Amino acid sequence: MTTALPTLESLDVTGKTVLVRLDLNVPMQAGRVTDATRIHRIVPTLQYLMERDAKVVILSHLGRPKGQYDPAQSLAPLVDALSHNLWDRPVKFSPDCVGNTARMAVANLQPGDVILMENLRFHKAEEAGDPAFAAELAALGDAFVNDAFSCSHRAHASVVGINAHLPSAAGRLLQEEVGALTHALAAPARPLTAIVGGSKVSTKLELLGNLLSKVDHLVIGGAMANTFLHAQGINVGASLCETDMAEIARAILAQAASTHCSIHLPVDVVCAKRFAPHAQAVVCDIHNIPADHMILDVGPRSMVALQQVVLESKTLVWNGPVGAFETSPFDATTVQVARMIASASRSGTLHSVAGGGDTVAALAHAGLTQELSYLSTAGGAFLEWLEGKDLPGIAALIQNQAVKKSA
């Protein structure tokens, strides 16, 4: 898929007005950005355009205002953070992304200027994928760049609709994301291992189904593992467990056997009577879990087995923590796993790709966000890619490229 993506080099951007869809849905507190990771990673695209004297018009969203103006979800506070990351170059701001205000703001731009438009989601038409809204956005520019892989699983007007009106290309970050994920699943060095955690099997059925036919080892952690243990007749005590998913869990185990995918579940666990910081924890064999205890992490024997799988792997994809990492001492195994993957990645024996909000948070908790081979900025888009789905934003870029070639 990466070869079909149109790149920045395919666009004539010199002196042109270029609309750039970014994901600036960044964590904020008291009007200040608390984690600028997403901003850091879109700088190469903006730099490329500025160096060619393009007039850069940034389109983005923040939060879920549901089509209503909400000053608490305005993009205005991001102007300073953007400017800081662009070597203190002034960034202009438009209080709307369409209408006369937007048109006048863009018309006043000089070559090399950058302007941030107000939150797209203040208009209901954005999330509705309204073609008329997409056309109004497109009328602001001469070309379009999608550098928001993390939004590309949504068929929103600014992600999909603008492509129909303007020459379009993938930005550097989107190109990087697609390349890293394609490399990990389409043509990986083997053995290929996936670590999948999280609380519910029901939310990751499609992911598990797609991975079974692709990976050599599938490690299941988090509360999801409890459901698989229960499905095998193991008493999981007071643990979070989807008992109604037992039959599906057994079907997944059977499917894995037929595809020669080895599924790895805990053989011992860390339990406590309550989920609270510094709660009294005990290590239990999975066949001896007290009825009034809940599973909150995997145990030391399971960790040794997991370490062996990782050490034997050449490629690894990680989505979801293996324990309740937000609260000590139940973060121990997730942190150990992160360190182990980071070490193998640094040594060059493992190509590792991780993504998803909880996974990124777990890596940040371990202080290892820069240590894996690739860390995706995406949450839902990363998950849907792993599920084998076509992302509307990517499909629109490829379709635009196909139309241009046939013209």
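Is L120 buried or exposed? In this predicted model, L120 has 0% relative accessibility, and buried means under 20%, so the residue counts as buried.

**Around L120**

You will find L120 in the loop that links β6 (114-117) to α4 (124-128). Leaving aside residues up to four places away in sequence, L120 touches R21, L59, S60, H61, C97, E126, F133, L137 and S158. One of these contacts, H61, is 59 residues away along the chain, and yet the C-alpha atoms of L120 and H61 are separated by 5.2 Å.

**The six-stranded sheet**

Let us move on to the strands. An open sheet is built from six of them with parallel pairing, in the order β11-β10-β9-β15-β16-β17. The edges are taken by β11 (262-264) and β17 (374-375), each with a single partner strand, so one side of each has no neighbour in the sheet.

Strand β15 (residues 315-319) is a good place to look at the burial of a strand. Five of its five residues are buried, so β15 is largely enclosed by the rest of the structure. In general, side chains in a regular strand alternate between the two faces of the sheet. For β15, both faces are covered: T315, V317 and N319 are buried on one side, and L316 and W318 are buried on the other.

On its two flanks in the sheet order, β15 has β9 and β16. Strand β9 (residues 192-196) pairs with β15 in the parallel sense over five bridges, while four bridges join β15 to the parallel strand β16 (residues 351-354). The table lists residues that stand opposite each other in these pairings.

| Residue in β15 | Residue opposite |
|---|---|
| L316 | T193 |
| W318 | I195 |
| V317 | V353 in β16 |

The link from β15 to β16 also involves a helix: together with helix α12 (residues 332-347), the two strands make a right-handed β-α-β unit.

**A helix pair**

How far apart are the axes of α8 and α10? Helix α8 (residues 205-212) and helix α10 (residues 246-259) pack with their axes 10 Å apart, at an angle of about 15°. Angles under 35 degrees count as roughly parallel, and α8 and α10 are therefore roughly parallel to each other. Their crossing is left-handed.

If you want to inspect this packing at the residue level, L205, L208, G209 and L212 are the α8 residues to pick out; in α10, they meet I248, I252, Q255, A256 and T259.

How values were computed. Residues are numbered from 1 along each chain as its sequence is written. This is a predicted model: local features need pLDDT of at least 70, side-chain atom pairs count only at pLDDT 80 or more; totals for chains, interfaces and linings use all residues. Side-chain values use heavy atoms; hydrogens and water are left out. Buried means under 20% relative accessible area, exposed over 50%, partly exposed in between (1.4 Å probe, protein chains only). Two strands pair if DSSP finds at least two bridges between them. A crossover is right-handed if, with the strands pointing away from the viewer, the path from the first strand over the helix to the second runs clockwise. Contact means heavy atoms within 4.5 Å. Axes are lines fitted to C-alpha atoms, for helices over the stretch in contact, and angles run from 0 to 180 degrees between N-to-C directions. Angles under 35 degrees count as roughly parallel, over 145 as roughly antiparallel, 65 to 115 as roughly perpendicular and the rest as oblique. A crossing is left-handed if the near helix is turned anticlockwise from the far one by less than a right angle, and right-handed if clockwise.
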